[in-house]
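This report covers the strand pairing, the nonpolar core and one pocket of a single chain. The sequence and the model are shown first.

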Amino acid sequence: MKSVTRLTGIFIPEHYDLSIKLYRHERRFKGTVTIKGSSTSGSEEILLHARGLKITSALVDGKEASVREGKNDEIAITHPDIKRSKKHIVVVTYDGIITDD
């Protein structure tokens, strides 16, 4: 079994709001997740697991953020405000494919 990095040492989530729209006949979905939490690392990055998702946008505290794919199915969300304060609201929109896995 593949080992997965625990990301709570970087960003500690306190609350999630999740919205998913299924397109069953097309075997795909779209969604948005809003995560309220605290950054702990002192960096400008928040890492999240996003296996099999295509990230279409990310906001940090209402401001557009950069997104890049990391290793082990992670995404790195980057914005200078992450370093400046501890509490954040992160909003990620994404697309995905429904699989039989």
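Ala, Val, Leu, Ile, Met, Phe, Trp, Tyr, Cys and Pro count as nonpolar, Asp, Glu, Lys and Arg as charged, and the others, Gly among them, as polar. On that basis, the lining of the second largest pocket has five nonpolar, two polar and four charged residues. The model is predicted.

**The pocket**

The second largest pocket holds about 150 Å³ of space. Its lining consists of A50, G52, L53, K54, I55, V67, E69, G70, D73, E74 and I75. At least two lining residues come from each of β4, β6 (66-69) and β7. With three residues, β4 gives the most to this lining.

**The sheet**

An open sheet is formed by five strands in the order β1-β2-β8-β4-β5, with antiparallel pairing. At its edges are β1 (11-23) and β5 (63-64), each of which pairs on one side only. The table lists three of the strand pairs.

| Strand pair | Bridges | Sense |
|---|---|---|
| β1 and β2 (residues 28-39) | 12 bridges | antiparallel |
| β2 and β8 | 11 bridges | antiparallel |
| β4 and β8 | seven bridges | antiparallel |

Individual residues show the register of these pairs. Y23 stands opposite R28 in β2. T34 has V91 in β8 as its bridge partner, and S57 is bridged to T93, also in β8.

**The core**

The largest nonpolar core has 17 residues, and L48, I77 and V92 touch the most other members. The elements that give two or more residues to this core are β2, β3, β4 (53-60), β7 (74-78) and β8 (87-97).

**I46 and its surroundings**

Is I46 buried or exposed? Its relative accessible area is 0%. Buried means under 20% relative accessible area, so I46 is buried.

I46 lies in strand β3, which spans residues 45-49. Leaving out residues up to four places away in sequence, I46 touches I10, F11, I75, A76, I77, I82 and V90. One of these contacts, I75, is 29 residues from I46 in sequence, while the C-alpha to C-alpha separation of I46 and I75 is 8.2 Å. I75 also appears in the lining of the second largest pocket. Another contact of I46 is I77, which is among the residues that touch the most other members of the largest nonpolar core.

Note on methods
Residues numbered from 1 in each chain as written. Predicted model: local features only at pLDDT ≥ 70, side-chain atom pairs only at ≥ 80, totals over all residues. Heavy atoms only, no water. Helix = DSSP H or I, 4+ residues; strand = E, 2+ residues; numbered from the N terminus. Buried < 20%, exposed > 50% of the residue type's maximum accessible area, 1.4 Å probe, protein only. Contact = heavy atoms within 4.5 Å. Pairing = 2+ DSSP bridges. Core = buried A, V, L, I, M, F, W, Y, C linked by side-chain atoms within 4.5 Å. 1 Å grid on protein atoms, 1.4 Å probe; cavity = no way out; pocket = protein on both sides within 12 Å on 5 of 7 lines; lining within 4 Å. Points joined across faces, edges and corners; volume = space filled by probe spheres on them.
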